[in-house]
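This report covers the enclosed cavities and nonpolar cores of one protein model, starting from a single residue.

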Amino acid sequence: MNVSAASTYSAPSLAELHAASGVVYATMPPTPHYQWPVLAEALDVDVWVKHENHAPTGAFKVRGGLVYMSALSRDRSVPGLMAATRGNHGQSVAFAAREHGIPVTIVVPRGNSVEKNAAMRALGAQLIEDGEDFQEASEIAAALAERDGLHRVPSFHPLLVQGVATYAHELFSVVPLLDTVYVPIGMGSGGCGTIAARDALGVRTEIVGVVSASAPAYALSLAEGRAISHAATTRIADGLACRTPDPRALAMLSAGLARVVQVTDDEVEAAMRVMFSATHNAAEGAGAAALAGLVQEREAMRGRRVAVVLSGGNVDANVFARVLGSGD
């Protein structure tokens, strides 16, 4: 698929997912999926954790960046890249672009994660800190890309979905007969990738999207059947801080999700503590959101075979220390 062919979208085929897996596995191995006895005991649910926090950048997004950049690298006329991010998408773009020697500029909102910013710089990206939130940073990135003749890497694109779908392909291929998978929804690539992998493999697992109650744009849009913008004010789940949904993601999520669960910041922080105490894995706010969704619905999930996607572990040390120290 050409990287510019993004105005319409159809889900990737199984052959496309296999091709994307080949690109991803040239750089990284599949991530693990574990059953943690302490976690299962705490929830009284048969639960698997898909550990995307074990990816090279600490988050699932790197898969999409690798596939996107593999396609883009065939165009030798690209002078450089421009992207906007709260952190994990930017690390994905910088990581993949470094492999191809393409310079990257990334716009992050003011007050962004210090450690995510440092990680992007360490991968060779030039950072611009501007905008009050992700949406403003994205608009600034688009304007700068046009001004400077740079290729704008979007936050949602079919090639990104193909890449991130490889984690769900791994999960469904190795853990059979899953009844339910909880997946966090930021801009939608992870949820769409999970739907795409399920449908391509022909399994019947229900997929539950989890959004922040303090960034409910996707939940509101899915309920109304149209894109609705809403302020994103979450203090902990920056990876879910979407103000304006992507219409293509919205269409696929609407068709493929069983339902959407909204989780509060307090519930996310509680899930971060549970994940650490039960598995000794650090989960950033967005990374713990799927577990928070399961905790909210655990009564209904008893007797079912469930998985949660730990989508990333990139949480600043001082933030994580505060969260761990604020439990009962």
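Asn-88 counts as buried because its relative accessibility is 12%, below the 20% cut-off. The model is a predicted one. Asn-88 belongs to helix H4, which spans residues 88-100. Leaving aside residues up to four places away in sequence, Asn-88 is in contact with Ala-59, Lys-61, Lys-116, Glu-284 and Asn-314.

**Cavities**

The structure contains 2 cavities of 30 Å³ or more.

| Cavity | Volume | Nonpolar lining residues | Polar lining residues | Charged lining residues |
|---|---|---|---|---|
| Largest | about 310 Å³ | 9 | 11 | 5 |
| Second largest | about 40 Å³ | 2 | 6 | 1 |

The lining of the largest cavity comprises 25 residues, and nearest its centre lie Lys-61, Gly-186, Met-187, Gly-239 and Leu-240. Two elements, H4 and helix H8 (189-201), give two or more residues each to this lining.

Around the second largest cavity, the lining residues include Lys-61, His-89, Ser-155 and Ser-189. Helix H3 (61-72), H4 and H7 each contribute at least two residues to that lining, with the largest share, 3 residues, coming from H3.

**Nonpolar cores**

The largest nonpolar core has 41 residues; those touching the most other members are Tyr-167, Leu-178, Val-181, Cys-192, Tyr-218 and Leu-253. Helix H7 (residues 158-174) provides the largest share of this core, 7 residues. Another core, of 33 residues, lies apart from it and has Val-261, Met-272, Ala-278 and Leu-291 among its members.

Beyond residues up to four places away in sequence, the contacts of Val-181 include Leu-171, Phe-172, Ile-207, Val-208, Ala-307 and Val-309. Thr-194, Thr-205 and Glu-206 also touch Val-181.

Conventions: Residues numbered from 1 in each chain as written. Predicted model: local features only at pLDDT ≥ 70, side-chain atom pairs only at ≥ 80, totals over all residues. Heavy atoms only, no water. Helix = DSSP H or I, 4+ residues; strand = E, 2+ residues; numbered from the N terminus. Buried < 20%, exposed > 50% of the residue type's maximum accessible area, 1.4 Å probe, protein only. Contact = heavy atoms within 4.5 Å. Core = buried A, V, L, I, M, F, W, Y, C linked by side-chain atoms within 4.5 Å. 1 Å grid on protein atoms, 1.4 Å probe; cavity = no way out; pocket = protein on both sides within 12 Å on 5 of 7 lines; lining within 4 Å. Points joined across faces, edges and corners; volume = space filled by probe spheres on them. Nonpolar A, V, L, I, M, F, W, Y, C, P; charged D, E, K, R; others polar.
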